[in-house]
Amino acid sequence: MKLAVRGFDIYPGFLDLAAQRAVFAAVRAVVAQAPFFRLRTPSGKPMSVRMTAAGRYGWFSDTKGYRYVSQHPNGTPWPQIPPEILGIWQRSTGLDRTPECCLINYYAADARMGMHQDSDEADMQWPVVSVSLGDDGLFRMGGTKRGGKTESIWLRSGDVVVMGGDARLSYHGVDRIRAGSSTLLPKGGRLNLTLRVVD
Ligand SMILES: O=C(O)CCC(=O)C(=O)O
Ligand SMILES: [Mn+2]
């Protein structure tokens, strides 16, 4: 099943429970090599979401701005994107081109992500694919200008969203997490993976 909301393609239940467990195990292996860290926005405010990444690039933010970087803050290269995760990109987009970044966001019960565009990539013809695991997250979708009308949907564990075409530069964010809504993550919370072509 596919839902189209303001140009965002939403695939509820794209991953069954076995696939969610396999992806979670793969994420854990990445996090063992590249632990979560907390970034600051360019204005210096700490983000509530904890992040890490896999692939050639990870996303980074500090007072110098937003950018992609080829190393974890601990100075080591990012781990490779696990094949289970690349498979989701392939199956949801059908593209031969593979993403160079899997950004991994962890939302504890009180974390959120403000409305933003994903605009640090070089070529907007490629979609961004989002995979949700664990607790439900209230995902808000707008248009290509800040402040316009928005629609929200609860993303559940196993849901995939493809942000491409007209929605590639649409504003989006996560308003809140429904703590305790999933038992996939032993310690609770929500994981979101976003697959991105960077160069
Ligand atoms: O957590 C989500 O569902 C969205 C994450 C996101 O927009 C991002 O990492 O840029
Ligand atoms: Mn985003």
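**Figure 1. The whole chain, and how much of it is buried.** Of the 199 residues of the protein chain, 37% count as buried. The model shown is predicted. Two helices and 13 strands make up the chain's secondary structure elements. Its C-alpha atoms fill a box of roughly 40 × 40 × 35 Å along the principal axes. The radius of gyration is 15 Å, which agrees with the value near 16 Å expected for a compact globule of 199 residues. Contacts reach far along the sequence. Among contacts with a separation of 6 or more, 74% join residues 24 or more positions apart.

**Figure 2. Strand β6 is covered on both faces.** Strand β6 spans residues 101-107, and seven of its seven residues are buried. In a regular strand, side chains alternate between the two faces of the sheet. On one side of β6 lie C101, L103, N105 and Y107, all buried. On the other side lie C102, I104 and Y106, also all buried.

**Figure 3. Strand β6 pairs with β3 and with β13.** Strands of a sheet pair through backbone hydrogen bonds, either parallel or antiparallel. Strand β3, residues 50-55, pairs with β6 in the antiparallel sense over six bridges. Here A54 stands opposite C102 of β6. Strand β13 also pairs with β6 in the antiparallel sense, over seven bridges. Y107 has R190 of β13 as its bridge partner.

**Figure 4. A close-up of R196 in strand β13.** R196 lies in β13, which covers residues 190-196. Is R196 buried or exposed? R196 has 24 C-beta neighbours inside 10 Å, so it counts as buried, the cut-off being 20 or more. Leaving aside residues up to four places away in sequence, R196 touches P99, C101, L103, E121 and V128. Two of these contacts, C101 and L103, are on one side of β6. P99 is 97 residues away from R196 along the chain, yet their C-alpha atoms are separated by 5.0 Å.

**Figure 5. The shell around ligand 1.** Ligand 1 has 13 residues around it. Which of them come nearest? They are N105, S130, V174, N192 and T194. Several elements give two or more residues to this shell: β6, β8 (128-134), β9 (136-141), β12 (172-178) and β13. By type, the shell divides into five nonpolar, seven polar and one charged residue. N105, one of the nearest residues, is buried in β6.

**Figure 6. An open sheet of four strands.** The strand order is β7-β12-β9-β10, with antiparallel pairing. At the edges are β7 (113-116) and β10 (151-155), each pairing on one side only. Neighbouring strands of this sheet are turned by 25 degrees against each other on average, direction ignored.

**Figure 7. Strand by strand through the open sheet.** Start at the edge strand β7. Two bridges join β7 to β12, and the two strands run antiparallel. M113 stands opposite V174 of β12. V174 is also one of the residues that come nearest to ligand 1. Next, β12 pairs with β9 in the antiparallel sense over six bridges. In that pairing, M141 has H172 of β12 as its bridge partner. Last, β9 pairs with β10, antiparallel again, over five bridges. There the bridge partner of G137 is L155 of β10.

Notes
Residues numbered from 1 in each chain as written. Chains lettered and ligands numbered in written order. Predicted model: local features only at pLDDT ≥ 70, side-chain atom pairs only at ≥ 80, totals over all residues. Buried ≥ 20, exposed ≤ 12 C-beta atoms within 10 Å, placed from the backbone. Contact = placed C-beta atoms within 7 Å. Pairing = 2+ DSSP bridges. Near = placed C-beta within 6 Å. Nonpolar A, V, L, I, M, F, W, Y, C, P; charged D, E, K, R; others polar. Axes fitted to C-alpha atoms, helices over the stretch in contact; angles between N-to-C directions. Rg over C-alpha atoms; globule rule 2.2 N^0.38 Å.
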